[in-house]
Amino acid sequence: MSINRRDFLKLSAAGIAIGAFPSIAFAKSELLKKKGQRVVIVGGGFGGATAAKYIRMWSENKIEVVLVERNKQFVSCPMSNTVLSGKRTIKDLTRNYDGLKKYGIKQIQGEVTGIDPEKQAVMLANGHLSYDRLIVAPGVDFMFEQIEGLNAKVADESILHAWKAGAQTVALRKQLESMPDGGVFALSIPKAPYRCPPGPYERACQVAHYLKNNKPKSKVLILDANPDITSKKGLFTAAWNELYPNMVEYRPNAAVLKVDVASKTAKTEFEDIKADVLNVIPPMKAGAVASMAGVVGADGRWCAVDFLTYESKVHKNIHIIGDAIAAALPKSGHMATSQAKVCAAAVIELMQGQAPEQNPTIVNTCYSMVSDIESVHVANVFRFNVEKQAMVSAEGGGVSAKRSEMEGAMADYWLENILNDVLT
Amino acid sequence: MIKKYLFVITCALGLALPAVQAQAEVDKHARNLAASCAACHGTNGHSAGGTPVLAGMDKALFIGSMKDFKSGARPATVMHQHAKGYTDDEFSLLADFFAAQKR
């Protein structure tokens with residue numbers, strides 16, 4: 001998005017004048033002249049990018065779609081734990097958004113500064129975008145304040161979370177490389193719900209895989225705030241015991257309450273743990289854009305939606321998809337794309353004066369790499385339950401019978417196919 | 001002038017923007033059901049590799065496979081779990097949708 005100096009002056013003037021002459025000034029600061037029906041999507045992750053593509057595709061290009069994303073490139077969180085073991089580099093997980101151009105999606109790289117649900121507008125630094133419907137796909141933000149001594153700066157510089165794939169993933173790999181043999185890698189898991197339920201346990205496997213081959217006297221210590229392993233329990237414990245014997249130690253009910261940066265110490269209710277690498281995944285909530293839209297629920301964390309349309313329970317014409325919603329659905333990449341498609345279909349129907357699909361049925365398939373070649377999965381079909389007004393797991397879902405190389409290959413193909421579905 | 005002609009031709013061929021073929025006749029419920037398969041089997045069943053291409057798959061083969069996954073007659077790592085989540089009527093809807101997709 002480039003604007004020349006004259007436009008910039010006009011937009012700045014418009015920005016200043018908003019209070020005094022709302023309607024005229026507001027009209028002037030429109031970033032893209034709106035002609036027909038428009039959907040603005042904020043967030044170009046798995047959910048947002050999928051919604052953008054499918055609204056264009058399924059509306060036969062009749063509905064204008066503007067996709068706002070702050071990052072230049074897409075980095076896949078799924079499979080990013082394999083960067084820690086060295087199976088992949090972050091480059092292998094990075095894609096650009098060029099593949100979406102052919103759908104006629106208008107893409108703006110920028111930071112949203114506010115959302116006005118009354119005027120139906122999304123604010124950016126240099127102007128605004130009016131919408132008929134808004135889809136918010138903000139992913140998660142971290143609640144650093146829940147852990148004493150932790151804040152965004154500390155989390156960026158020393159006590160990393162690496163729970164959004166990118167620079168932190170690479171930095172955590174470097175910390176691992178600098179760790180002495182015989183050292184401790186402590187991994188702290190927040191209370192559910194959080195993004196990617198099996199992700200932390202997969203991370204323990206990937207870290208252990210690296211340590212086994214490079215620093216075999218070292219330990220992975222899992223400090224889980226939950227009372228038990230939240231996903232694929234039998235499969236993960238089997239992998240720890242059989243592939244990494246005496247290397248992975250699991251402690252339930254061990255929420256980290258405080259960290260000390262200088263001594264790399266984590267404090268739980270029961271003990272102080274000194275680590276060589278301290279990897280604290282903080283509690284999470286819906287990304288900041290959800291708060292700007294005023295669609296976060298009473299819990300201050302997640303957004304309540306109607307599961308037929310993903311429309312907010314608070315504001316009309318605002319839809320929320322992906323990790324940010326309150327639901328008994330796993331916060332996963334595949335789930336975000338599945339929700340995005342239900343939302344895309346519903347948005348088109350609603351904008352064309354039709355009733356949305358009444359029986360949404362969606363799927364989640366999630367692979368976790370337990371070594372460099374072996375994987376395990378959990379797979380479920382979820383159906384809309386009228387009585388509960390919620391998505392409920394259908395019969396037959398479940399986890400792998402055992403870890404296998406076959407599933408390791410399937411995990412690679414899953415990644416390739418889902419990234420293609422989202423971005424091309 | 002040439003540019004203009006080219007533009008008209010590309011639009012006429014539907015190449016400028018990828019419109020989904022025969023979208024008007026597509027059963028939207030079937031389309032929506034099928035959409036979840038794309039994570040592993042590609043958009044509209046056009047797999048990028050590793051999983052079967054569902055686009056253009058013979059209807060009987062699709063339904064037979066899903067029923068065998070569901071009953072356990074055909075061993076699988078994942079598909080038996082997905083198949084159990086759908087009804088036979090839904091297998092039929094999905095089969096119609098994928099059979100209608102150009103390979």
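In this predicted model, the interface between the two chains brings 38 residues of chain A into contact with 29 residues of chain B. On the chain A side, four elements each supply at least two of the touching residues: the helices α10 (333–351) and α11 (405–423), together with the strands β20 (361–369) and β21 (375–385). Helix α11(A) provides the largest share, with 11 residues. By character, the chain A residues that touch chain B comprise 16 nonpolar, 14 polar and 8 charged.

Attention may now turn to a sheet within chain A. Strands of a sheet pair through backbone hydrogen bonds, either parallel or antiparallel. Here, 4 strands of chain A form an open sheet with parallel pairing, in the order β13-β12-β11-β17. Its edges are formed by β13 (248–251) and β17 (277–280) of chain A, each of which pairs on one side only. With direction ignored, neighbouring strands of this sheet are turned by 15 degrees against each other on average.

One pairing in chain A can be followed to the level of residues. Strand β12 (residues 219–224) of chain A runs parallel to β13(A), and 4 bridges join the two. Within β13(A), A:V248 is the bridge partner of A:V220.

Helix α7 (residues 199–214) of chain A remains to be considered. At 1.5 Å a residue, its 16 residues should span 22 Å, and the distance of 22 Å between its end C-alpha atoms therefore agrees with the expected value. As for its surroundings, 13 of the 16 residues of α7(A) are buried, so this helix is largely enclosed by the rest of the structure.

How values were computed:
Residues are numbered from 1 along each chain as its sequence is written. Chains are lettered from A and ligands numbered from 1 in the order in which they are written. This is a predicted model: local features need pLDDT of at least 70, side-chain atom pairs count only at pLDDT 80 or more; totals for chains, interfaces and linings use all residues. Two residues are in contact if their C-beta atoms, placed from the backbone, lie within 7 Å. Ala, Val, Leu, Ile, Met, Phe, Trp, Tyr, Cys and Pro count as nonpolar, Asp, Glu, Lys and Arg as charged, and the others, Gly among them, as polar. Two strands pair if DSSP finds at least two bridges between them. Axes are lines fitted to C-alpha atoms, for helices over the stretch in contact, and angles run from 0 to 180 degrees between N-to-C directions. The expected span of a helix is 1.5 Å times one less than its number of residues. A residue is buried if 20 or more other C-beta atoms lie within 10 Å of its own, exposed if 12 or fewer, and partly exposed in between; C-beta atoms are placed from the backbone.
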